[in-house]
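Hello,

Here is the structure you were going to look at, with the sequence alongside. My notes follow below it.

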Amino acid sequence: MTKLTKFLITREITSARETQEILSLYNFHSAILPLSKINLLNISLPKVTDISAIIFTSKNALKIKDYEFWAQCNKDIPFFIIGSSFAKLLEKNHIKNIYYFDSVKDLVSYFSTKEKNQTILYLRGKQISYNLKNLLAQNIVEKICYEMIYQDIEAQKIINFINTENITDILFFSSLNVGNFLAIMKNDIEILKNYNIVCLSSEIAKIFINRGFDKVVYPENPNLDELLIFLSTNEKNYHKE
């Protein structure tokens, strides 16, 4: 008998609710257990006229509440982002000149062919997997605009939640979140291997595969739309009992 798919979402609450809403559009059930929260930091941003482009590698960086900054951003200044889902959020702020990439590596490859004398504003979180300031040859003005605070939670609470909610799949969007999750569950890794591990990218999936997980799925390209299409068309192939 095919099991009813139900995802565990462990993202911070705002992102978790957004993910849950998107999953529901594909008729997937889910339950939220936030393992982190976002703390927005007070930062001083440069004038938009002093920079050539803006880079975001996380949707969380879009939550900065500098209304004067957003008001300065016009249709001419280019925004470079990771993932197509960012584009919708930028469009809400009337940003039109948007370039998105499937991965940080693709973005770095793009800028390797561009002029080195550009000044680029790089908005990021305190905890990161890649530091673009060290990877790009351009003049990077780096601003740390938020930090992720991980919740103090016991592994047994997570296990109880998974059992109570009849979770079949655990969803991961970030290698940082994976690291936190596995640190909490370090003594219960074998229990996790009973569930499907659904990852946004192959890089995230490798973390689990290298730990001996064999029920790991991910899309060919790291974006949410492709992941959901993959899950919708392959659901019956990996949910068996």
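Which residue in β6 is the bridge partner of phenylalanine 79? It is isoleucine 98. Please keep in mind that this is a predicted model.

The strands around β5

Phenylalanine 79 also has a partner on another strand: isoleucine 54 is bridged to it. Isoleucine 54 belongs with strand β4 (residues 53-56), which runs parallel to β5 and is joined to it by three bridges. With strand β6 (residues 98-101), β5 pairs over four bridges, again in the parallel sense. As for the side chains of β5 (residues 79-82), Phe79 and Ile81 point one way, Phe80 and Ile82 point the other way, and all are buried.

Helix α7

Helix α7 covers residues 175-184, and its buried residues are Asn177, Val178, Asn180, Phe181, Leu182 and Ile184. Two asparagines are thus in the buried set, Asn177 and Asn180. The elements that these buried residues pack against are β8 (139-150), α6 (155-164), β9 (169-172), α8 (189-192) and α9 (202-209). At the start of α7 there is a polar contact, in which a side-chain oxygen of serine 174 comes to within 3.1 Å of the backbone nitrogen of leucine 176.

Two asparagines with positive phi

Most residues other than glycine have a negative phi. Asparagine 27 is not a glycine, yet its phi is positive, at about 65°. Asparagine 27 sits in the loop between α1 (13-25) and β2 (29-32). With a relative accessible area of 67%, asparagine 27 is exposed. Asparagine 166 also has a positive phi, of about 55°, and its place is the loop between α6 and β9. Asparagine 166 is exposed as well, its relative accessible area being 59%.

Phenylalanine 230

Is phenylalanine 230, in helix α10 (residues 224-238), buried, exposed or partly exposed? Phenylalanine 230 counts as partly exposed because its relative accessibility is 26%, and the partly exposed class lies between under 20% for buried and over 50% for exposed. Leaving aside residues up to four places away in sequence, phenylalanine 230 touches Val217 and Tyr218. Proline 219 is eleven residues from phenylalanine 230 in sequence, and the C-alpha to C-alpha distance between the two is 6.4 Å.

Regards

How values were computed
Residues are numbered from 1 along each chain as its sequence is written. This is a predicted model: local features need pLDDT of at least 70, side-chain atom pairs count only at pLDDT 80 or more; totals for chains, interfaces and linings use all residues. Side-chain values use heavy atoms; hydrogens and water are left out. Buried means under 20% relative accessible area, exposed over 50%, partly exposed in between (1.4 Å probe, protein chains only). Contact means heavy atoms within 4.5 Å. A polar contact is a pair of N or O atoms within 3.5 Å; within protein, one must be able to donate a hydrogen and the other to accept it, and residues adjacent in sequence count only if both atoms are side-chain atoms. Two strands pair if DSSP finds at least two bridges between them.
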